[in-house]
Amino acid sequence: GQVATFVEVVEPKAMQTGQVTVDPAALQAGLAAEGRVTLTGLFFDTGKTELKPESKAQLEAMAELLKNQPTLKAWIVGHTDNVGSFEANEKLSLARAQAVVAALTAAPYKVDGKRLMAKGLASLAPVAGNGDDAGRAKNRRVELVAQ
């Protein structure tokens with residue numbers, strides 16, 4: 001004859017940044033092991049194609065990797081989850097990959113544009129299920145893939 005009540009207070013707050021560390025050695029290890037590496041340090045606002053300033057460390061690591069490996073050619077591949085139309089996601093994934101290539105080929109990095117090619121795969125190559133937020137978050141990514 002007892003009644004219990006459980007109250008959970010959830011308060012939104014800004015997501016912590018600076019939690020992801022990226023370095024050229026980790027990128028090289030990923031490429032050597034699998035031929036591709038997910039670029040966890042690239043950030044975009046939802047539905048947007050402009051790289052956020054928090055992406056600088058990842059871009060620097062990528063530029064250093066490419067400088068240290070002058071014969072490496074790579075695809076920069078954008079991926080999305082399955083929310084929204086396939087056509088919109090295809091455009092978004094390609095535009096994000098192109099934004100990464102544009103950032104790497106511009107100052108201060110000045111990577112030779114002939115070494116990088118942008119591709120957008122939308123939701124065609126998921127790494128997790130799209131049935132929940134956690135899976136969809138894993139599927140929204142940009143990868144560096146050795147050519």
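Biologist: What pattern does the protein chain follow along the sequence?

Modeller: In this predicted model, the protein chain reads α-β-α-β-α-β-α-β. That comes to four helices and four strands.

Biologist: What makes you say that strand β2 is largely enclosed by the rest of the structure?

Modeller: Count its buried residues. A residue is buried when its relative accessible area is under 20%. Strand β2 covers residues 74-79, and five of these six residues are buried, so the strand is largely enclosed.

Biologist: How do you know that β2 and β3 pair?

Modeller: Two strands pair if there are at least two bridges between them. Between β2 and β3, residues 116-120, there are five bridges, in the parallel sense. Trp75 stands opposite Met117 in β3.

Biologist: Why is the crossover from β2 to β3 called right-handed?

Modeller: Point the strands away from you. The crossover is right-handed if the path from the first strand over the helix to the second runs clockwise. Here the chain leaves β2, passes through helix α3, residues 86-105, and reaches β3; this β-α-β crossover is right-handed.

Biologist: In which sense do β2 and β4 pair, parallel or antiparallel?

Modeller: Antiparallel, over six bridges. At least two bridges are needed for a pair, so β2 and β4, residues 141-146, count as paired. Gly78 stands opposite Val142 in β4.

Biologist: Why is Leu121 called partly exposed?

Modeller: Partly exposed lies between the limits of 20% and 50%. Leu121 has 32% relative accessibility, so it counts as partly exposed. Leu121 is found in the loop between β3 and α4.

Biologist: What makes Leu121 fit for a nonpolar patch?

Modeller: Patch residues need over 30% relative accessible area. Leu121 has 32%. Phe86, Leu121 and Leu124 make a nonpolar surface patch of about 260 Å².

Biologist: How do you know that Ala102 is partly exposed?

Modeller: Use the limits of 20% and 50% again. The relative accessible area of Ala102 is 43%, so it is partly exposed. Ala102 has its place in helix α3. From Ala102 to Asn82 is 20 residues in sequence and 26 Å in space, C-alpha to C-alpha.

Biologist: How many residues does the protein chain have, and what share of them is buried?

Modeller: The protein chain has 147 residues, and 34% of them are buried. Its accessible surface comes to about 9300 Å², with 54% belonging to carbon and sulfur atoms.

Biologist: What does the C-alpha trace span along its principal axes?

Modeller: About 75 × 35 × 30 Å.

Key: Residues numbered from 1 in each chain as written. Predicted model: local features only at pLDDT ≥ 70, side-chain atom pairs only at ≥ 80, totals over all residues. Heavy atoms only, no water. Buried < 20%, exposed > 50% of the residue type's maximum accessible area, 1.4 Å probe, protein only. Helix = DSSP H or I, 4+ residues; strand = E, 2+ residues; numbered from the N terminus. Patch = residues over 30% accessible without salt bridge, like charges linked within 9 Å, V, L, I, M, F, W, Y side chains within 5 Å. Areas by Shrake-Rupley, 256 points an atom, 1.4 Å probe, with all protein chains shown as cover. Salt bridge = Lys/Arg side-chain N within 4 Å of Asp/Glu carboxyl O.
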